[in-house]
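Reader: I should be grateful for a close reading of one part of this model, namely the surroundings of the annotated binding site. Please set that part in the context of the remaining architecture.

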Amino acid sequence: MSDQIYFFDTTLRDGEQCPGASMNLREKLEVARQMERLGMDVIEAGFPCISDGDFEAVHTIAREIKKCRIAGLARCVKADIEAAAKALEPAGERARIHIFLATSKLHMQFKLKKAESEILRMAAEGVSYAKQFVQDVEFSPEDASRTDLDFLTKVVETVIDAGATTVNIPDTVGYTTPDEFYRIIRHLKENVPNIGKAVISVHCHNDLGLAVANSLAAVRAGARQVEGTINGIGERAGNVALEEVIMALRTRAGQFGDVTDNINTKEIVRTSRIVARMSGMQVQRSKAIVGENAFAHSSGIHQHGILNCRETYEVMDPQAVGWGATELPLTKHSGRAAVKSRLEQLGHVLTEEEVNTVFERFKKVGDSKKFVYDDDLSAIVDDSLHASTGLWELDFLQFVAGSHARPTATVGLLKEGKKFEDSSTGNGAVDAVIKAIERITRRKGTLKGYSVNAASEGKDALGEVTVHVDFGQPKPIVGKGASTDVIEASARAYLNAVNRSIRMENMPQPNNLDAGTI
Ligand SMILES: CC(=O)SCCNC(=O)CCNC(=O)[C@H](O)C(C)(C)COP(=O)(O)OP(=O)(O)OC[C@H]1O[C@@H](n2cnc3c(N)ncnc32)[C@H](O)[C@@H]1OP(=O)(O)O
Ligand SMILES: CC(C)C(=O)C(=O)O
């Protein structure tokens, strides 16, 4: 029979302890709702005694979330335990009180100023007191990885005797290593006489960048609950990033015995986005699983491999974690295979010789900018092959917008050397620009999606706009454009979609027309 791994998310408690990540009630509830969709087993909603706001957040989440256990943190003191119990009341049977008390010599001496015997007594009394309110009590010996192992063994046995149903072993300061942590968990499993009555949990911090490795070592040693946060936010260098642990267990299942979990991995990217938006803690592009570049390949050798067989350079399917498809952005590192494939996707049917001509020009353009966009590539084709294209090019753009001005845009376009110009008002500057483009091109579309991303950093960052436009063709058309001005990037993206829609009508239909994807 397979063993269940439970995931305990503390984004709303330990994640929020990260400087600058505080969330209000609405933001916390949105994160909690997404954790429920993700299939999280336990949500630590806050530390109820610390403020009215935290109490209210735990109380509201305990009321609104129906499928997860809801935990509230408490120090090992009556007032904290009572506050947690009260805040968790609406969760009924799903309520978990999580009590912590430090057990390392350093913390006992300098923080708590208490001897081992007092700590043992406090721990037992705290758990027994919490049991008067709820059945489900978790106990964490804070700084466990730096605690004397014999004492830790005694503490764990004591709190299980007092009724703890989960014993969580925190690497509070991210100090342990995978081998050492494996030995600690194994030791507890083999030397705590009543260990069978509780679930062993782990809670790793990332100070040495070892949080994922340590959590996985603990699972191999027998831990069955993993605590962490989405995107790895948390105190200092953060908590373990749960999405990384989840996907490591799924992708390398053979390494961890027969384990299962309740996570709907397709919700991972959405959860990451919501946590980033609500906490204000942005995810770095190259972050595993959820970073923008996690499934993007720009070097020619990798792109060639991916085009032949995705698994050559990917160990997971991006769609399994909620991304669209693998991305092959064109840059100066791209090779002929990727450029040829993109040309086909864009509807350019070229001979090998023509592809070679375009490729030479492509490398020159690639040397001068970060990305070669679809409209750049089409412009190279038109220019290099002297084709009379019937496609549109942006000549100029003017717009007026502001809190007291009616958004108005004047757009100048070029087609086959001729100039066209028109103006329009709109609901905003982007809307006015799009309407002016539609008036000139006489091609009306419905904007189904619009997103803007910073393609580079700093005040003069290049804004990359992506639009999805329905022109009444079988699939919405994706258009991309970039500029340091977001309105101009929007105009370029929309025009790119218009041109692709024209090409679609004129060219034989390729298999996949999503810009930037295979
Ligand atoms: C590893 C972790 O992540 S632990 C969780 C960390 N999270 C937080 O600290 C949440 C935000 N904290 C707060 O709002 C405040 O620190 C509060 C409300 C918890 C306490 O505030 P204050 O009463 O002003 O105490 P202060 O923060 O200065 O010091 C902590 C006190 O708790 C005691 N304490 C610390 N941990 C525990 C514990 N697990 N059980 C009992 N007492 C504890 C300390 O010994 C100290 O006691 P003292 O005031 O008698 O010296
Ligand atoms: C409260 C405990 C589990 C904690 O956050 C830690 O030790 O890092």
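Author:
**The binding site and its setting**

Asp14 lies in the loop that runs between β2 (6-9) and α1 (25-38). The model is a predicted one, and every statement below should be read accordingly. In UniProt, an unreviewed entry applies the annotation "binding site" to Asp14, His203, His205 and Asn239. These residues are spread over 226 residues of sequence, yet they cluster in space, with a largest C-alpha distance of 10.3 Å.

Three of these names recur around ligand 2. The shell of ligand 2 consists of Asp14, Phe100, Ser140, Glu142, Asn168, Pro170, Thr172, His203 and His205. By class, this shell holds two nonpolar, five polar and two charged residues. Two strands, β6 (136-142) and β7 (166-171), each contribute at least two residues to the shell around ligand 2.

Both strands belong to a barrel. Eight strands close into this barrel in the order β2-β3-β4-β5-β6-β7-β8-β9, with parallel pairing. From one strand to the next, the twist averages 25°. Within the barrel, strand β8 (residues 199-204) runs parallel to strand β9 (residues 225-228), and three bridges join them. Val202 is placed opposite Val226 of β9. Outside the strands themselves, helix α5 (residues 116-131) lies across β5 and β6, and the direction of α5 is at about 170° to that of β5.

Ligand 1 offers a useful comparison in composition. Its surroundings comprise 13 residues, of which Ile50, Arg75, Cys76, Val77 and Leu101 come nearest. The shell around ligand 1 divides into seven nonpolar, two polar and four charged residues. At least two residues of this shell come from β5 (95-102), and at least two come from α4 (105-112).

The record also supplies a domain boundary. An unreviewed UniProt entry places the feature "domain: Pyruvate carboxyltransferase" at residues 5-269. Over residues 5-269, helix accounts for 42% of the chain and strand for 18%, while the C-alpha atoms at the two ends are 21 Å apart.

Further along the chain there is a helix pair. Helix α11 (residues 300-308) and helix α12 (residues 336-345) have axes that come within 7 Å and cross at roughly 55°. With that crossing angle, α11 is therefore oblique to α12. Gly300, Gln303, His304 and Leu307 of α11 make the contact with Ala337, Ala338 and Ser341 of α12. Sorted by class, the contact of α11 with α12 has three nonpolar, four polar and no charged residues.

A second sheet completes the description. Three strands form an open sheet in the order β11-β12-β13, and here the pairing is antiparallel. β11 (393-402) and β13 (418-425) stand at the edges with a single partner strand each, so one side of each has no neighbour in the sheet. The twist in this sheet averages 10° from one strand to the next. Helix α15 (residues 429-441) packs on the sheet and touches β11, β12 and β13, and the direction of α15 makes about 40° with that of β12.

The pairings in this sheet can be followed residue by residue. β11 and β12 are antiparallel partners over eight bridges, and a hairpin of two residues joins β11 to β12. Val400 has Thr408 of β12 as its bridge partner. Strand β12 (residues 405-415) and β13 likewise pair in the antiparallel sense, over eight bridges. Ala409 is bridged to Ser424 in β13, and Leu414 is bridged to Lys419 in β13. The hairpin of β12 and β13 has two residues between the strands, and within this hairpin Glu416 adopts a positive phi near 50°.

To return to the site itself, Asp14, His203 and His205 are among the residues around ligand 2, and UniProt lists them together with Asn239 under "binding site" in an unreviewed entry.

Conventions:
Residues are numbered from 1 along each chain as its sequence is written. Chains are lettered from A and ligands numbered from 1 in the order in which they are written. This is a predicted model: local features need pLDDT of at least 70, side-chain atom pairs count only at pLDDT 80 or more; totals for chains, interfaces and linings use all residues. UniProt positions are given in the numbering used here, feature names are shortened, and annotations may be inferred rather than shown by experiment. Helices (H or I, at least four residues) and strands (E, at least two) are DSSP runs, numbered from the N terminus. A residue is near a molecule or strand if its C-beta atom, placed from the backbone, lies within 6 Å of it. Ala, Val, Leu, Ile, Met, Phe, Trp, Tyr, Cys and Pro count as nonpolar, Asp, Glu, Lys and Arg as charged, and the others, Gly among them, as polar. Two strands pair if DSSP finds at least two bridges between them. Axes are lines fitted to C-alpha atoms, for helices over the stretch in contact, and angles run from 0 to 180 degrees between N-to-C directions. Two residues are in contact if their C-beta atoms, placed from the backbone, lie within 7 Å. Angles under 35 degrees count as roughly parallel, over 145 as roughly antiparallel, 65 to 115 as roughly perpendicular and the rest as oblique.
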